[in-house]
Amino acid sequence: METMRLDKAADGFAILTLDAEGAMNVVNDAFIADMEAVTQQVAEDDAIKGVVVMSAKTTFMAGADLKQLVNGFETLSVDEAYAFAKRATDMHRAIERSGKPWVAAINGLALGGGFELALACHRRILVDDPKAVVGLPEVNVGLLPGSGGTVRLGIIAGMKTALDLLLSGRSVAPAEALKLKIVDQVVPAGALVEAAKAWLATGPDPVKPWDVKGWVPPQKKGMTVPEDSAAYMMAAGGIAKSGYNQPAPLAILNAVFHGLQMPFDKALAVEGKYFAKLLTNPVSRNIIRTTFISKLAAEKGARRPEGFPKFTVKKVGVLGAGMMGAGIAYVSANAGIEVVLIDRDTATAQKGKDYSAKVLGKLVEKGKLTQDKADAVLARITPADDFALLDGCDLVVEAVFEDTAIKAETTRKAEAVLPEHAVYASNTSTLPISQLAQASKRPDQFIGLHFFSPVDRMALVEVIMGKQTSKETLAKGLDYIAQLRKTPIVVNDSRGFYTSRVFQMLIHEGAAMLAQGVPPAVIENAAKAVGMPVGPLALLDELTLDLPLKIVDQAIAEEGDAYTPPAGVAVMRRMRDEIGRSGRKTGGAFYDYPEGGKKRLWSGLAEHFPVEDGWDLEELKTRYLYAQAMETARCLEENVLETPQDADLGALYGWGFPSWTGGTVSYIDTIGVARFVQEADRLAQLYGPRFLPSAWLREKAAKGEAFYTPAQASETREAVPA
Amino acid sequence: MEAYIYDHVRTPRGKGRPDGALHEVTSVEMATQLLKALQERNALDTALLDDVIIGMAQPVGEQGGVLARAAVLQAGYAQTVAGQQIHRFCATGLDAVSLIAAQVHSGMIQAGIGGGVESMSRTTMGYDSGAWTSDPAVAYGNYYAPQGIGADIIATLDGYTREDVDAFAVESQRKAAHAWQNGYFEKSIVPVKDILGKVLLDHDEHMRPGTTLESLAKLKPAFEGFGKAGFEAVAKARYPEIEDIGYVHHGGNSSGIVDGSGLVLVGSLEFGEKAGLKPRGRIRSYANIGSEPTIMLTAPAAVSRKALKAGGMEAGDVDLWELNEAFASVVLRYQRDMDIPDERINVNGGAIAMGHPLGATGAMILGTVLDELERRDLNTGLITLCAANGLGTAAIIERV
């Protein structure tokens, strides 16, 4: 057996140790095969009186192997997906019907399939360790626990607790797990096996309540119980909060609703059917592929060129102590890196450092960090106005004002002090890296590292390769990002790079709708209906109209007539230049900000942009998604992007493109390139050339190609736990 | 064949709570007392009746099992009188009358009684929840939201402020009090008696005469909790033009929770001759319709037009309009849609003041309109109700 071993003991209580290859135990075909064999052995061997299930890892079991599940949509029929769920379901059923009591001795986190295994055991004993969390987080990957999890949790914890845990996907620490009755006992580390054996020694009944004749399903009376009926009504309303694009919450709610009314095995079968529907739905594939497989691969260096030794940044210089610089300084110091934070005077630099003090202070307040550790992080940041302090830095990140001349000056001053090996990174979000690199003595060591705001919360870093940036510099930049535990994507230099460029499509599409008579609330709600966290008009208010208009003005200055201004320019100019409203900072553009009250769409909009009937919500939703997806396709065509993974990760983590799509490229692939092109042609006819597919994309459609190759998703060898 | 209204009766409306005057009276007993009253005041030979349809919005528990048949037998009617239960949410009471009329129209029956009963104090609201609210696949798929959210959506879309809806409620209370003071309801009220034969209630108990804008202003919006729990998201999915829902409805400008019953005696001309009764009016047309189910309260205008068309009439032919006051915004929307002046609609107040015993209300307000047509010596009335899940019903009556 590869994934576990069964050790018999003189007292009759066998120890089953889960110990798969790799860092964690996961549910996969090998595990199921082993467990089936072990269960049969336990059932048949009279010398075995009971089983203690434990793990040889620091965690108990992390869940299903997502590397396998991600292929469900492409490779499995619904029947096969159901059979897949049924095998794992039967495995758990065999455990609880083996005639011997099983105890899950949970020594560390038990999530997803791992906790389903524990639920199938006759008793769950959890180690008293805050890291030993338990839960069923499948909803986060567009799935449900499909091997008895919804049914057993519903019966054991009751409908309300089960729905809370299943729909939120949250995991709970030992004290709460005990309170919710999803574990039976919490014991100190080291006492697990003893406690398990002590329970087995009491000679517990190995028959589960639902296997006793006469057992009645908890909600057998169905909707004739008004309280239950009302609870499902509220739950159905509650899942509307997560929108209408995600199939998993409804499937979970359905599984619990039906499961609690039916005999146990019928309930399991129904749960398996809902699981099969989700596994063969592209949404689960899309979420798993981008948010787990691609993300982990990117963090482990998928885009790092080979052949360069691992680079460790010990000292970093951050130039500019504004909001971005302050954030970069904080995350660097937090990763154990010495930071020199430079601005025009020490007081300004100190203000930047104060940001770290504020963030750390909150963590200490919440009890998430000790004062000592906070002090240590803070001590690593040296605020200064003297570039000489950059001596010895392995890398600098420039985050000064977005102005070519100021940046050039900064580059020259820094390079005068920096050691030869140091990487010079600019955090610019708008200026071409190759152009900024002209000020550098060593443009091959010049790179773009585009952090997102707020830096400590946004996982993404967009790495921009200038024309002369070397592979070695890329490797070093990625190593620095790995030190920060952030997620990199790598793009080639171009106006707006990738994320800013495609994000512009979203805000311009929203602004353009205003001139077409779409009510402003509809513009915002249509974006939210596709799953964008914030509407484009609200985004514009936060950004101020100056920012997108500056990008346009710059492009016009550089390209003249060759440049086609984006769709929302006229509305933005009118708002700022004629109506005199440019953003929240100056009192509001599309919104009003009443003191002490909630922001409201500005009532004057109707006068300047009269509302017309005839808008169609579905059409608006399509426009948002297609505008962004089409611009992403152009980025791939122009080699601004080199991989679909970079595109999808950038979309989800850069500007909040909805996760159910998997990202802008997965969105196209899910629709199919041919159908995407056809629909885009229709949109181009109605709304303009921004939707027009290129010859390159048409050719892809004609050849029947997709952006992802089916094998690509599962190339990573190591298991990816849920 | 024409369908004539020979008589109608209703109970007073008791507060729909355990301390309400009618709480000790079962639903079947309320219907029984009304059936007896109809028999007695018309000296009716009940063997002339073919069918009794009594509906309710909660046909479960004591209200289940074809209550009409049980009441017929309890009231000592001829055992040949059939019974039937219908359920079309709040449209039930009027629809039961329409269905009796339709059977007369078709020649299927000669005479019958239609109406409804609801003891809201004795049957828990939600007993009859059903798939539309609580089967997750159905509720989510059809964008179900509680009715109060629908009322607040109407107010938001149409721009009715809290003052608008409260002012409507104050008016309803004033008109109801005025009607009671002047005995406008006397003809049809049958006081409910207890088992000793003592009168338990002879007036509508829910009314709060003297309600003012100031007193209503103290009440908190009732449906914001539902909105924040997720139904705001449902509402916006269906109505993306909503930036924020204005929560303006509360107990004081929504229909009251009460117990009560109402019945209408309908028959052919031939029945009247046999029974020695003179028709008071006739049912000219009736209609049912479905409308957008998330708001679920906007059917009245569409179903009224449908009933007008079925009767070969125009809105201008209607003298008095009666729309059940489910929520203030429902009536305000209807008046706007149908262009009805204040002095022609719900002239004696409505459910905001007197209460809305769900399945019974339709039969009650048909009677109210007929009484008022007679009192004012007018000819034509249109009665309509919105109902859950987007349903709506209407009937047009005229004096003969």
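**Figure 1. Confidence along chain A of the predicted model.** The mean pLDDT of chain A is 96, and 98% of the residues score at least 70. Residues 711–717 of chain A have a pLDDT below 50. Beyond near neighbours in sequence, this stretch makes 11 contacts in the model.

**Figure 2. Domain division of chain A and the contact between domain 2 and domain 3.** Domain 1 covers 4–280, domain 2 covers 315–495, and domain 3 is assigned to 500–639 + 643–703. Between domain 2 and domain 3 of chain A, the C-alpha centres are 30 Å apart. Their contact involves 13 residues from domain 2 and 11 residues from domain 3.

**Figure 3. The side of domain 2 of chain A that touches domain 3 of chain A.** Strands β17 (460–465) and β18 (487–492) of chain A each contribute at least two residues to this side. With five residues, β18(A) gives the most. By class, the residues of this side are six nonpolar, five polar and two charged.

**Figure 4. The open sheet of eight strands in chain A.** Pairing is mixed, and the strand order is β13-β12-β11-β14-β15-β16-β17-β18. β13 (381–384) and β18 of chain A are the edge strands, each paired on one side only. The average turn between neighbouring strands is 25°, direction ignored.

**Figure 5. Pairing of β16 and β17 of chain A, with helix α17 on the sheet.** β16 (residues 446–451) pairs with β17(A) in the antiparallel sense over four bridges. In this region, G448(A) is opposite I464(A) of β17(A). Helix α17 (residues 404–415) of chain A packs on the sheet and touches β11 (315–319), β14 (395–398) and β15 (423–426). The direction of α17 makes about 160° with that of β15(A).

Terms used: Residues numbered from 1 in each chain as written. Chains lettered and ligands numbered in written order. Predicted model: local features only at pLDDT ≥ 70, side-chain atom pairs only at ≥ 80, totals over all residues. Domains from an automatic or database assignment. Contact = placed C-beta atoms within 7 Å. Nonpolar A, V, L, I, M, F, W, Y, C, P; charged D, E, K, R; others polar. pLDDT = per-residue confidence, 0-100. Pairing = 2+ DSSP bridges. Axes fitted to C-alpha atoms, helices over the stretch in contact; angles between N-to-C directions.
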